Amino acid sequence: MPYAHITGWGMFVPEPVLTNDDIAKMVDTNDEWIRDRTGIRQRHIARENEFPSTLAVEASIKALQVANLAPTELDLIICASSSPEYIFPATACLIQDQIGATKAGAFDLSAACSGFIYATNMAAQAIRSGSIKNALVIGTETLSRFVNWKDRNTCILFGDGAGAFVIQASERPGGILSAVMHSDGSGADSLTLLGGGARYPATEASVHEGKHFIQMDGKEVFRFATRVMGRATQESLELAGLTTNDVQWIVPHQANYRIIETAAKYLKMPLDKYIINVDRYGNTSTASIPIATVEALEKGQIKSGDKVVFVGFGAGLTWGAMTVEWTGPIPAKRHVYPKRYRLFARLRSLLLRAVRLIEGFLSRREL
Ligand SMILES: CC(C)(COP(=O)(O)OP(=O)(O)OC[C@H]1O[C@@H](n2cnc3c(N)ncnc32)[C@H](O)[C@@H]1OP(=O)(O)O)[C@@H](O)C(=O)NCCC(=O)NCCS
């Protein structure tokens with residue numbers, strides 16, 4: 001059975017930064033309150049011409065570069081997002097087209113902030129089954145589009161960004177060792193975005209009632225998160241035959257500093273084993289774990305051979321954890337330049353659209 005390794009990683013955040021002081025100009029809040037209760041100092045906000053797919057493409061190309069893998073070699077793309085570009089088509093298909101992943105299957109996965117762990121686990125299982133060799137997993141968000149900037153309960157929390165992993169098959173032991181995924185739909189009401197789906201399609205009334213904004217019972221979510229984070233970490237470690245003593249790093253979902261602190265206490269682990277960057281990005285939902293991982297790798301914190309646990313929770317309710325033995329890129333003699341495929345992808349996409357147009361024109365004439 002092949003092992004599934006994380007061989008590439010990339011992140012991208014939009015340039016504009018929104019500080020707590022900026023938010024204090026919009027709602028009745030202040031920097032000190034936000035920092036005390038959440039640990040957040042600032043977040044990045046997408047420009048008008050930036051979307052989940054465009055952020056994801058930047059992160060994905062970087063991940064492919066690290067993995068030294070051409071987009072044309074990808075078998076599967078899974079995009080986890082809480083703020084997908086459309087209900088359909090899948091954001092994953094837009095990414096597939098823009099990076100030139102000519103032979104990849106592509107789909108979106110909806111598990112809110114736990115989505116990246118779920119997606120990585122799905123890709124790892126497909127690799128271990130032997131049915132695919134190379135997968136791209138993405139978490140990408142422009143949650144700022146769904147935030148009610150008049151609601152101080154939620155608008156302080158979220159930020160935009162994307163992160164991506166390349167997962168590859170290898171005979172070398174290690175890589176993704178275990179994962180657990182959980183859900184509890186009885187808690188569905190505590191964190192929602194109701195508008196635009198089949199129950200509340202967009203109408204004047206649905207927009208007027210603010211159904212297209214994130215709604216949250218903050219206290220309820222806080223209690224849930226602190227309950228499940230430690231337990232899920234332990235479960236995943238047990239499945240991998242490890243204990244907290246074997247772990248070098250925990251990369252938690254970056255929702256709130258206090259939630260991470262409580263989880264660390266539960267596991268009796270020092271906070272300096274936790275990768276924390278919620279102060280600079282806020283909660284980027286599916287993108288938070290890969291963004292934190294990429295930063296930790298770039299700082300030289302996570303190293304080859306380290307045991308790392310990813311743990312997350314989110315709307316649904318969903319939660320999960322994954323244990324990884326970090327290995328890094330698969331050594332190769334040949335050097336590929338995934339960036340160069342972007343031009344090829346653009347030309348290919350234009351050509352396919354033109355062919356479709358001509359085919360449509362000819363078939364109308366034949367009728
Ligand atoms: C949202 C959250 C930061 C609120 O913190 P809290 O300590 O629970 O705060 P409360 O909601 O109890 O509010 C305490 C007081 O601060 C006020 N308050 C709420 N938001 C405020 C803000 N942004 N600025 C200033 N005051 C605020 C409340 O109105 C309340 O005032 P009152 O005591 O006069 O009624 C916290 O509950 C949280 O982080 N929950 C988890 C959310 C999350 O992670 N969601 C994403 C999951 S993926």
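Me: What is the order of the strands in the open sheet of 5 strands?
Reply: The model is predicted. In this sheet the pairing is mixed. Neighbouring strands are turned by 20 degrees against each other on average, direction ignored. The order is S1-S7-S6-S4-S5.

Me: Which strands stand at the edges of that sheet, and why is one side of each left without a neighbour?
Reply: The order of the sheet is S1-S7-S6-S4-S5. A strand at the edge has a single partner strand, so one side of it is left without a neighbour in the sheet. The edge strands are S1 and S5 (105-109).

Me: How many bridges join S1 to S7, and in which sense do the two strands run?
Reply: S1 covers residues 3-12. One position of the pairing is Phe12, which stands opposite Ala162 in S7. The two strands run antiparallel and are joined by 9 bridges.

Me: Over how many bridges do S6 and S7 pair?
Reply: S6 (residues 134-141) pairs with S7 in the antiparallel sense. Gly139 has Gly163 of S7 as its bridge partner, and Leu136 has Val166 of S7. The pairing of S6 and S7 extends over 8 bridges.

Me: How many of the 10 residues of S7 are buried?
Reply: S7 runs from 161 to 170. In the sheet order, S7 stands between S1 and S6. The strand is largely enclosed by the rest of the structure, because the number of its residues that are buried is 9 of the 10.

Me: Which helix lies across S1, S6 and S7, and at about what angle to S1?
Reply: S1, S7 and S6 follow one another in the order of the 5-stranded sheet. The helix that lies across them is H10, and H10 runs to S1 at about 90 degrees.

Me: What is the strand order of the open sheet of 4 strands, and which strands are its edges?
Reply: This sheet has mixed pairing and the order S8-S13-S12-S11. The twist averages 15 degrees from one strand to the next. Each edge strand has a single partner strand, so one side of each is left without a neighbour in the sheet; the edges are S8 (175-183) and S11 (249-252).

Me: In which sense do S11 and S12 pair, parallel or antiparallel?
Reply: S11 and S12 are joined over 4 bridges. Val251 has Phe310 of S12 as its bridge partner. The sense of the pairing is parallel.

Me: How many of the 14 residues of H5 are buried?
Reply: H5 (residues 115-128) reaches 20 Å from its first C-alpha to its last, close to the 20 Å expected at 1.5 Å a residue. Its buried residues include Phe116, Tyr118, Met122 and Ile127. Just after H5, Gly130 takes a positive phi of about 90 degrees. H5 is largely enclosed by the rest of the structure, because the number of its residues that are buried is 12 of the 14.

Me: Which helix gives the most residues to the shell around the ligand?
Reply: Of the 20 residues around the ligand, Thr29, Arg152, Gly218, Phe222 and Ala255 come nearest. The elements that give two or more residues to this shell are H2 (31-38) and H7 (218-239). By class, the shell has 10 nonpolar, 7 polar and 3 charged residues. With 5 residues, the helix that gives the most is H7.

Me: Which residues does each cis peptide bond join?
Reply: Most peptide bonds are trans. One cis bond has omega of about 5 degrees and joins Phe88 and Pro89, with Pro89 in the loop between S4 (76-80) and H4 (91-99). Leu317 is in the loop between S12 (307-314) and S13 (318-325). There omega is about -5 degrees, and the residues joined are Gly316 and Leu317.

Me: Is Lys268 buried or exposed?
Reply: Lys268 lies in the loop between H8 (257-266) and H9 (278-281). Its phi is positive, about 55 degrees, although Lys268 is not a glycine. Lys268 has 8 C-beta neighbours inside 10 Å, so it counts as exposed.

Me: Is Ser285 buried or exposed?
Reply: Ser285 is in the loop between H9 and H10 (288-298). Its phi is near 50 degrees, a positive value in a residue other than glycine. Ser285 has 32 C-beta neighbours inside 10 Å, so it counts as buried.

Conventions. Residues numbered from 1 in each chain as written. Predicted model: local features only at pLDDT ≥ 70, side-chain atom pairs only at ≥ 80, totals over all residues. Near = placed C-beta within 6 Å. Nonpolar A, V, L, I, M, F, W, Y, C, P; charged D, E, K, R; others polar. Buried ≥ 20, exposed ≤ 12 C-beta atoms within 10 Å, placed from the backbone. Expected span 1.5 Å × (residues − 1). Pairing = 2+ DSSP bridges. Axes fitted to C-alpha atoms, helices over the stretch in contact; angles between N-to-C directions. Contact = placed C-beta atoms within 7 Å.
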